[in-house]
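Trainee: Could you walk me through one helix of this protein in some detail? I'd like to see how it sits among its neighbours.

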Amino acid sequence: MEYHDALRYLYGLIDYEKRRIENYTPREFKLERVEQFLEKLGNPHHSYPTLHIAGTKGKGSVSAMLASIARAAGLRTALYISPHLHTYRERIQIDGEPIARETLADLVAEVRPAVEGVEGLTLFEVTTGIAFLYFARQHVDIGVIEVGLGGRLDATNVITPEVSIITSLSLDHTRLLGNTLAEIAREKGGIIKPGVPVVSAPQKPEAMAVLEAIAAERAAPLTVVGQDWAWEALQHDLERQTITVRRTHAPSAFDGVYTLSLLGDFQQENATVAIATAAGLYENGLAWATPAAVHDGLAQTQWPGRMEILQREPPVVIDCAHNPYSAETLAHSLKTWFPDTRWLLVFGASSDKDVSHVLEALLPLCERVWVTRSYHPRSSAPEALAAHCAALGKQADIMPEPSHALAAALEHLKPGLGVITTGSVFLVADVRAAWAHQKGLSLPLGDWDDEPW
């Protein structure tokens, strides 16, 4: 099987990333189905220890940080993420390297009989099984596993990790996960396993109450950043930032000043979650999670598309903010990092997002707006996005092609103005690729693949 034949086969499976999910219930999302599939593969997920990360905002960044820390400690480190920016292969990584095209194609061909022997397997479920099998065969020392959607019913929730991590919770995917923070916390808290330690980011009281109840019911020791661990911002520039972190109830070997390679106020919280996780692992006997590894790992973390500065002067920035909370945190970070800058906004969003509230957070910073749409089938029509802008008192230029929208914004750059692209992971991928093509640059994870939509 050739690589693009493998992709076509995968995308021919039930694909809830491309089409609307009507019901997020155990009837449609059956962990028993995933377990049956993994049994046919020899239960590869039992071959190595794992860390499991769920959340609304920050789960990708925390996953990248923890993988970087493990690599800094000398571990052969697997990372499973979704979605991807430029190539499907990014979802399955070892030591920062995406799975090779030939290897992915071979694995798809190998597991195909098992897939066809389990009724109803989805694209994400099959990809999860392939990732677990690949990691086992590559003899990884640890797997950092990011939840795809929710937590309780997610295909990754078949693992029993060393620690469960829940990053910041906010309203997103409300039609599926619930209309309140409590309902969303119940879904995300579904990754908490009996007796397995939990680390949580700061949460709103109604979400925290649910997580505390689940942890207590399952006798899972709970560490809460913002209560058990505190951080304070120190310095920042366009390359890095520093924070000081300390455990609040007793001194820790992990107390101290840390340098973060990732920018944005929100990364301070994410880094503290990663530090608290490593401290718990170290104190529970996992000797690799040392303070030195944490310092090195956080300073070396790469996570493209998150408050990523493509150009410093005048600034060109991309960020994957796609819900109201992430848009608010992005707006705050832009004010912090670029206090004297107004922005030219290139915006696109998926059709199932709360676009009006995302724009409410961003438009006050913007001089002009171009609305566009990414390659993704769920992208909202630019005309609909322009109507949202108009309702908020801002005229938007409609530009169907992201590369053209970027070019138009760049033409209007002048002192005191910058370009910010946001609203969707998929739009950021398109604009990042267009920028790389325009500048003759290579992408950090290699050339992107033509996806067979």
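Mentor: Let's take helix H8 and work outward from there. Keep in mind that this is a predicted model.

H8 covers residues 205–217. A quick sanity check on its geometry: at 1.5 Å a residue, its 13 residues should span 18 Å, and the end C-alpha atoms are indeed 18 Å apart, so the expected and modelled spans agree.

Now look at which side chains are tucked away. Ala 207, Met 208, Val 210, Leu 211, Ile 214 and Ala 215 are the buried ones in H8. If you sight down the helix axis, those buried residues fall within an arc of 160°, so they line one face of H8. Turn to the other side and you find Pro 205, Ala 216 and Glu 217, which are exposed.

What sits over that buried face? The cover includes three strands, S6 (163–166), S7 (198–200) and S8 (222–224), along with helix H7 (181–188).

H7 deserves a closer look. Its axis comes within 8 Å of the H8 axis, and the two cross at roughly 35°. The crossing is right-handed. On the H7 side, the residues involved are Leu 181, Ala 182, Ala 185 and Arg 186. They meet Glu 206, Ala 207, Val 210, Leu 211 and Ile 214 of H8. Sorted by class, this contact has seven nonpolar residues, two charged ones and no polar ones. Notice that Ala 207, Val 210, Leu 211 and Ile 214 are on the buried list for H8 and also take part in the contact with H7.

One last detail on H8 itself: just after the helix, Ala 219 has a positive phi of about 50°.

For something to set beside the H7 and H8 pair, try helix H2 (residues 31–40) and helix H5 (residues 123–137). Their axes come within 10 Å and cross at roughly 40°, and this crossing is right-handed too. H2 brings Arg 33, Val 34, Phe 37 and Leu 38 to the contact, while H5 brings Glu 125, Val 126, Gly 129 and Phe 132. By class, that makes five nonpolar, one polar and two charged residues.

So, if you colour just one thing on your screen, colour the buried residues of H8: they line one face of the helix, and H7 is among the elements that cover them.

Note on methods. Residues are numbered from 1 along each chain as its sequence is written. This is a predicted model: local features need pLDDT of at least 70, side-chain atom pairs count only at pLDDT 80 or more; totals for chains, interfaces and linings use all residues. Side-chain values use heavy atoms; hydrogens and water are left out. Helices (H or I, at least four residues) and strands (E, at least two) are DSSP runs, numbered from the N terminus. The expected span of a helix is 1.5 Å times one less than its number of residues. Buried means under 20% relative accessible area, exposed over 50%, partly exposed in between (1.4 Å probe, protein chains only). The arc is that of the directions from the helix axis to the C-beta atoms. Contact means heavy atoms within 4.5 Å. Axes are lines fitted to C-alpha atoms, for helices over the stretch in contact, and angles run from 0 to 180 degrees between N-to-C directions. A crossing is left-handed if the near helix is turned anticlockwise from the far one by less than a right angle, and right-handed if clockwise. Ala, Val, Leu, Ile, Met, Phe, Trp, Tyr, Cys and Pro count as nonpolar, Asp, Glu, Lys and Arg as charged, and the others, Gly among them, as polar.
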